[in-house]
Amino acid sequence: MQVVIQQLCKKYGSKQVLNGINLTLSTGMFGLLGPNGAGKSTLMQVLATAIPKTSGEVQIGHCKLGRDEREIRGLLGYLPQEFGVYRKLTGAEYLDYVASMKGITNGKARREAVADMLRKVNLEEKRHVRIGKYSGGMRQRIGIAQALLGDPQFIIVDEPTAGLDPEERMRFRDMLAELGKDRTVLLSTHVVADIDNNCQSMAIMSGGRIVFHGTQEQLLQRVQGQVWTVQVGDEKLAELKETAVIVTARRSGAGYEARVLASSVPLPGAVQTTAGLEDGYIAVMRAGNSQ
Amino acid sequence: MNLIRYYKTECKLLLRGPGLYLMLATMAGILYLMLQTIDAKLDRAVYVMDISEVYWNVAIIILPLLATAIARRDEEWKTASMMATFPYRTWEMEAARLLCAVTLPLSAALVPMGAYAWLVVKDGISWGMREWYACAVFASFAIPMLFATVLAYLVGILIRKRYSYLISFVLLLVLANSPKILPISHALSPHKRVWLDYSLVSHIGNAYSRMWGFIYDPAFWLHRGMVAAIAVGMALAVLLVVCWRRRERVRAWVAYSSMLVLGVTLIWAGSAMYGHLQERVDIADANERFYSERLTSANGPTQQRELEQLLVAGIAAGKYTEADIEEMSRITLNKKAIGFSYNPNGLTSKPLSVSHIKDLLVGMKFQDLHITSYKLELELLSRHGLEIQATMQASNGQAETLGRFPIMLRHIFDVQELKVNGAAAAYEWEEATDVLWITPAADVIPGEHLEIEMTYSGTINDWRHYYSFYPSRDRWEQAAIVENNRLFLPAFYGWYPVIGNSRLSESDTHKYELDAFKERRQAADILDTHLPRPMADFEVAFTGPSGLKLFSNASLIASEQAEEKEATITRLELHEASGLTLFGGDLQFVEATAGDKTVRLLTSGQLPARSVEEAAQLTAEQYAEAARTLKMLDGKTATSFPKTITMALADYPYSRLNEFNSIETDMVDPVAAGPEARDIHYLSKYSKNGYYGASGAEIEQGKNGKTQLTTGQYWLDYSAKRRESSYARVANFNAQYILNNIFQVYIERKVAGEELLGPLFKPDSYFLDGTPSQVYDLMNTIYSQYGIESVYDVIKLVYDSIGKDQLNEDSDEQMEELLRGYLQRKTEGGK
């Protein structure tokens, strides 16, 4: 399924939260990176029909946002960044309720879908336990389960791995990758590692705008040959911050091992190294901020 | 269907919370208290209404808050953004939530109905119309509950913040109490206050409202319909708001068109209710204007001087004896207890109006002109219409020839035809009275027999406005009614002609002075007179709907099908009676005996009430006890307490069936009892429990010389009658009050056979004005030193002193002095 976003804007009063967003999403996973306050969640809420757009066009499959809300909702699976669940219901009851809302009216089909989803998120044993007694990770999983119910063609997940332990995070990434084989999955995160392996296409948002839209390779190309590692002391590190972009600075022995973005050798002894997504992200953000 | 699934889930979400259990526990507690305190000696429906008032007041404010919780749950639980993206049909989800929100409050609203039904079933009362109607009235509380719940839901939808609970609570609290707390509330009459009252809880809990008849009116159901329409309209508004928020406008036109229909319904119901309420007010106002006009025009100083001259001249000419004058002044209006204990203005005896005395003087010319028999053919017409063809036989016992003579007939009638002795007679209404002057074609010579034929018709739906301190406590009552399923034509109403020119009704004007009102409140109550009437025979043919049950003091002779379909002609006759009363409707005659006294009671089946058998039994017990009490006081059985009396209770169309309101509305129609009508006594609980100052005691002495007591304070009245001192009846309020208290404890001790078991009165007994009572202390002393018989001595002493020098003021000091004197004499060995 293709999702085409053109000149999408969203205003809250006089505050422009989304400003002329243009994106095209195809089948597969699409990663949306950006710092807090960049407008990722707002974009997702607009796409998920939770809030109305101010202007622009969004085409989701054959449906047009603003006209075919109900049809779009039928195609969607949405997991917001902050979400609540009905703590008084058991996991099975809750998913059954959501399945009803998603139009699975056949009782048998609904029960099977719920059981299948509980299995997928590894909550089968807790199906009759009230959600109020679930741990944070279990609640996150039940949230994921509700998003995946009803076989959605367009899945929007906003910061889905927050609160998950590493094992669950891995498991969830794999699940999304599996889903992305024949669906469009929009994954929003500020954890670069979440999209590292799975998202071929991606975008970076900053200040309500798309500052990068392309593939991982294209992002990496932007910083190819500009990533250096160098051992520095405290004083040199401060000096380096003035002249170059420091991606990371890890304490190493008496000083720091700094990962630096620079078009030429930033310091004597600096070693050129392979660029990563994080480097590209930082470079794009720096470039965006300096514009 | 998804709606049901959503509803079930909503219920699970609601029912799995501690708050709900707390609320259920509270409601269960109230219900438990209700059941524990049940004492349904009173009218069951009224009892449940009274005790449910608190319950409803609490429930209608607290329970709808659940709706606010449901409405803002997604906000509170942070499920809103996720829920918003699900493809459910918004109207289905909201409908399910609304249904869930109203389920519990509606269940709670039906609890009083359940309690009432339980009482009825428990006591083995058979289910009839009144039980079903009472259930319907109770069940109708679901409508204001629905209104409150939807309103609270709407608040939750519109105000998503946490303080929406507070706003809901305050809103519900204000709405529930707006009829009471608004500054203008006391200045609004009941028929205006209902517009401010969406629940009618406080309205129904008060007796005056029931007496006013609102809950038995179409107006009540129209009010409910209006509230229901608003509630459904608000529910649709909720759907529209939520659909709009989710940008789902599918079939919004259905909601809009439904709201349009509801709006039209609301306007229709509102205007119909206004019409219903205003109709009686207009009728009452017309009555007030009618009688006030006469009173005002006839009581000027000029007329007073004229009257004085007339009286003096009449006495000088030997036309009137002193006894005549005495009788004239003795005939008093049969006052209704229009006020309350704190309303002395409504209780004091009103002197005969100048115009009334003047009328009586004129009317005395015709005192020996009597109608001896009536042949009355009544036909019910549509819309309260009644046509009567009356043929009356009369004889002129006067010593002089009469060129014209007066008859008393309610002014609402139009006379179509009038003949005297077969010849058309002229007639003329006396201005603003119920008196019609007939001028026969030929003079009526002494001893002549007359046949008077009259055809007249009118609309009988007569309302009276009874004023109170505050307009909010005003009452409207029906004096007479004719309709297809109900009939009330009491003899005193003047629906058939009686020769004479006394007043059928009098305008009793007085003023209420209250700080709350900048201006005094002018009240003009219309009071019906129970005038003595000569005995006559009656022959009645009544044509009315087949389903209408007819009751009367006349005997049923035959009933036959009329030519017109679905109409029946009922023939009745009555010999030597002082009046004829007709009742019709869902009525029942029951008989009960207590001791050697039997009461026959005609009661209404139309009203939600206790069983008529119980009512009759209670009345019989009161009657027997009153007779027994009088016997104790007098030492002999009073002759004026016949073994069997017949009473018509609750046949004022809109009154509840208990003794208190029987007295207030003067429901007892003496004429219903038959030939011995004027001997009927109505004895209320006050005859036993003491004088509360609410009964407006009056004595009438009819021409047959028998005394009629119309209120419960019988023993004082009886005493007053014996001593022929009208003064004692109207003065010494405080003395009477104290005496009643003394008498009451005397009876209790006497009946109990207990001597000297503690003081008669508590040491902290007070007078009405709050000052400590030396009288009670003195009585305790007399009782403790000289026993119960000495109490009786004191009672008699005080009686004998009333109106004399020893006790001629409404003075506590005089009373104390009297008792001190008694105590001193006893101490000195005298009596």
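**Figure 1. The annotated region of chain A in the predicted model.** In an unreviewed UniProt entry, residues 3-232 of chain A carry the annotation "domain: ABC transporter". The model shown is a predicted one. Across residues 3-232 of chain A, helix accounts for 34% and strand for 30% of the chain. The C-alpha atoms at the two ends of residues 3-232 are 47 Å apart.

**Figure 2. Domain assignment of chain A.** The assignment divides chain A into domain 1, residues 3-217, and domain 2, residues 225-274. Between the C-alpha centres of domain 1 and domain 2 of chain A there is a distance of 38 Å.

**Figure 3. The interface of chain A and chain B.** Here 32 residues of chain A are in contact with 28 residues of chain B. The area buried between chain A and chain B is about 2,900 Å², with 56% of it on carbon and sulfur atoms. Of the area that chain A buries against chain B, 25% is supplied by R73(A), Y86(A) and K88(A), more than by any other three residues.

**Figure 4. Polar contacts and salt bridges between chain A and chain B.** Four salt bridges are counted between the two chains. One of them joins the side chains of E93(A) and R16(B), with an N to O distance of 2.7 Å. Across the interface, 14 residue pairs are in polar contact, both residues being at pLDDT 80 or more. On the side of chain A that touches chain B, the elements giving two or more residues are α2 (69-75) and α3 (91-101) of chain A. The most is given by α3(A), with six residues. By residue class, the side of chain A that touches chain B holds 14 nonpolar, eight polar and ten charged residues.

**Figure 5. Annotated transmembrane regions of chain B.** An unreviewed UniProt entry annotates residues 13-34, 54-71, 98-119, 131-156, 163-182, 221-242 and 254-274 of chain B as "transmembrane region". Residues 131-156 of chain B are 92% helix and 0% strand, and their end C-alpha atoms lie 38 Å apart. For residues 221-242 of chain B, the chain is 100% helix and 0% strand, with 31 Å between the end C-alpha atoms.

How values were computed
Residues are numbered from 1 along each chain as its sequence is written. Chains are lettered from A and ligands numbered from 1 in the order in which they are written. This is a predicted model: local features need pLDDT of at least 70, side-chain atom pairs count only at pLDDT 80 or more; totals for chains, interfaces and linings use all residues. Side-chain values use heavy atoms; hydrogens and water are left out. Contact means heavy atoms within 4.5 Å. Buried area is the accessible area (1.4 Å probe) that two parts lose on being put together, summed over both. A polar contact is a pair of N or O atoms within 3.5 Å; within protein, one must be able to donate a hydrogen and the other to accept it, and residues adjacent in sequence count only if both atoms are side-chain atoms. Helices (H or I, at least four residues) and strands (E, at least two) are DSSP runs, numbered from the N terminus. Ala, Val, Leu, Ile, Met, Phe, Trp, Tyr, Cys and Pro count as nonpolar, Asp, Glu, Lys and Arg as charged, and the others, Gly among them, as polar. UniProt positions are given in the numbering used here, feature names are shortened, and annotations may be inferred rather than shown by experiment. Domain bounds come from an automatic or database domain assignment.
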